[in-house]
Amino acid sequence: MGDFDSDRKGTGTAEWAEVNENICRGCQNMCLYCYAAYNANRFGQRDRENWGREELTKRAEIQAYPAKNGVIMFPSSHDITPFNLDAYIRVAKLILEKGNKLLIVSKPRLECVEKMILEFELYRKQILFRFTMGTVQESVSLLWEPGAPLPRERRECLALAYGRGFDTSVSIEPMLEGFQMTEILVEWVRPFVSKTIWIGKMNKPQLRVPKTHAYLVDAILKMQSDDQIMNLYEWFKDDGIIRWKDSIKTVVELHKSRVDHHYGNRCSCGKPLPKINASIEAKLDMGASCPHAEIPVEKGKW
Ligand code: SF4
């Protein structure tokens, strides 16, 4: 059964873990793209504007936890905050005491990470901290994740966990920017990552982000166009620390299969295939026989 960073089928949290655990409803981070907030509203459990109110669920009272196969992701539909920290640590210890593998996913707060590191020291080898960061920019973070810690605090948490000998990973899902800013983010966190950096697009923003923020959705769709994603993929595709979420793999497969279909693995002129990007696809659209071919430009057309 799966280890941290095994190749898993499926999408979303299923790409990371066999089991999800949660002990809280609501989340003070109030991310605009939150799938849990969207679902709670959709099923009549909680209005979107009240998602920031946190309350512990019955699951926070469990007194024992079984040994399970695979990785347990805890939490998956809330965060670890000063409100639920003590309950979180108690339940996490029940999980760890049975020898389970625990994936801790969070937009981390320093005061919470400091305490977890002390409390979980004995179980260090069973834990992977995966911290979510979509941008290096405070202004962007505040727009999309108004109640969450700022990027600098999250990076401090990452450095702290790494420095204390815990395995660390970063989730750049959702990306809050395009190709170049995501590259900068990867290099900003890389020194403190012992395992992997996962990258994924924002999923279903037109559906999940409140309509009042449609202008942000328009911007993110432009920043995460297929062309931007293919540039990002080409930049990092041979980088061993990078793992791609399903949303990126889908784009890559779509574009690769289109080019492979036309040209095969090697170009008819004998050269290796160049980077797959929008200009290659434009050549296909214009009927080029080879991606290295010059397309004659009609005077005055461009
Ligand atoms: S941290 Fe996760 S659960 Fe909390 S609001 Fe953001 S997306 Fe939702």
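**Notes on a parallel sheet and its helices**

1. A good place to start is the pair E7 and strand E8 (residues 197–199), which run parallel and are joined by three bridges. Strands are counted as paired here if DSSP finds at least two bridges between them. Within this pair, Ile172 has Ile199 of E8 as its bridge partner. Helices (H or I, at least four residues) and strands (E, at least two) are DSSP runs, numbered from the N terminus.

2. A word on the basis of all this: the model is predicted, so local features need pLDDT of at least 70 and side-chain atom pairs count only at pLDDT 80 or more, while totals for chains, interfaces and linings use all residues. Residues are numbered from 1 along each chain as its sequence is written.

3. Now the wider sheet. It is open, has seven strands in the order E1-E4-E5-E6-E7-E8-E9, and its pairing is parallel. Strand E1 (19–20) and strand E9 (242–244) are at the edges with a single partner strand each, so one side of each has no neighbour in the sheet.

4. Strand E5 (residues 101–106) deserves your attention, as six of its six residues are buried. Buried means that 20 or more other C-beta atoms, placed from the backbone, lie within 10 Å of the residue's own; exposed means 12 or fewer, and partly exposed is in between. Lys101, Leu103 and Val105 point one way from E5, while Leu102, Ile104 and Ser106 point the other way. In a regular strand the side chains alternate between the two faces of the sheet.

5. On one side, E5 runs parallel to strand E4 (residues 71–73), with three bridges joining them. One of the partnerships is that of Ile72 with Leu102 in E5. From E4 the chain passes through helix H2 (residues 85–97) to E5 in a right-handed β-α-β crossover. Right-handed means that, with the strands pointing away from the viewer, the path from the first strand over the helix to the second runs clockwise.

6. E5 also pairs in the parallel sense with strand E6 (residues 127–132), over five bridges. In E6, Phe129 is the bridge partner of Ile104, and Arg130 is that of Val105. Together with helix H3 (residues 110–119), E5 and E6 make a right-handed β-α-β unit.

7. Which residues of H3 are buried? They are Cys112, Val113 and Met116. These residues are on the same side of H3 because they cover an arc of only 95° around the axis, taken from the directions from the helix axis to the C-beta atoms. H2 and helix H5 (151–163) are among what covers them.

8. Further along, five bridges join E6 to E7 in parallel, and Thr132 has Ser171 of E7 as its bridge partner. Strand E7 (residues 167–172) has five of its six residues buried. With helix H6 (residues 179–189) and E8, E7 makes a right-handed β-α-β unit.

9. For the ligand, the surrounding residues include Cys27, Cys31, Cys34, His78, Asp79 and Lys107; the criterion is a C-beta atom, placed from the backbone, within 6 Å. This shell divides into six nonpolar, three polar and two charged residues. Ala, Val, Leu, Ile, Met, Phe, Trp, Tyr, Cys and Pro count as nonpolar, Asp, Glu, Lys and Arg as charged, and the others, Gly among them, as polar.

10. Finally, the overall figures: the protein chain has 11 helices and nine strands, and 36% of its 302 residues are buried.

Definitions and conventions: Contact = placed C-beta atoms within 7 Å.
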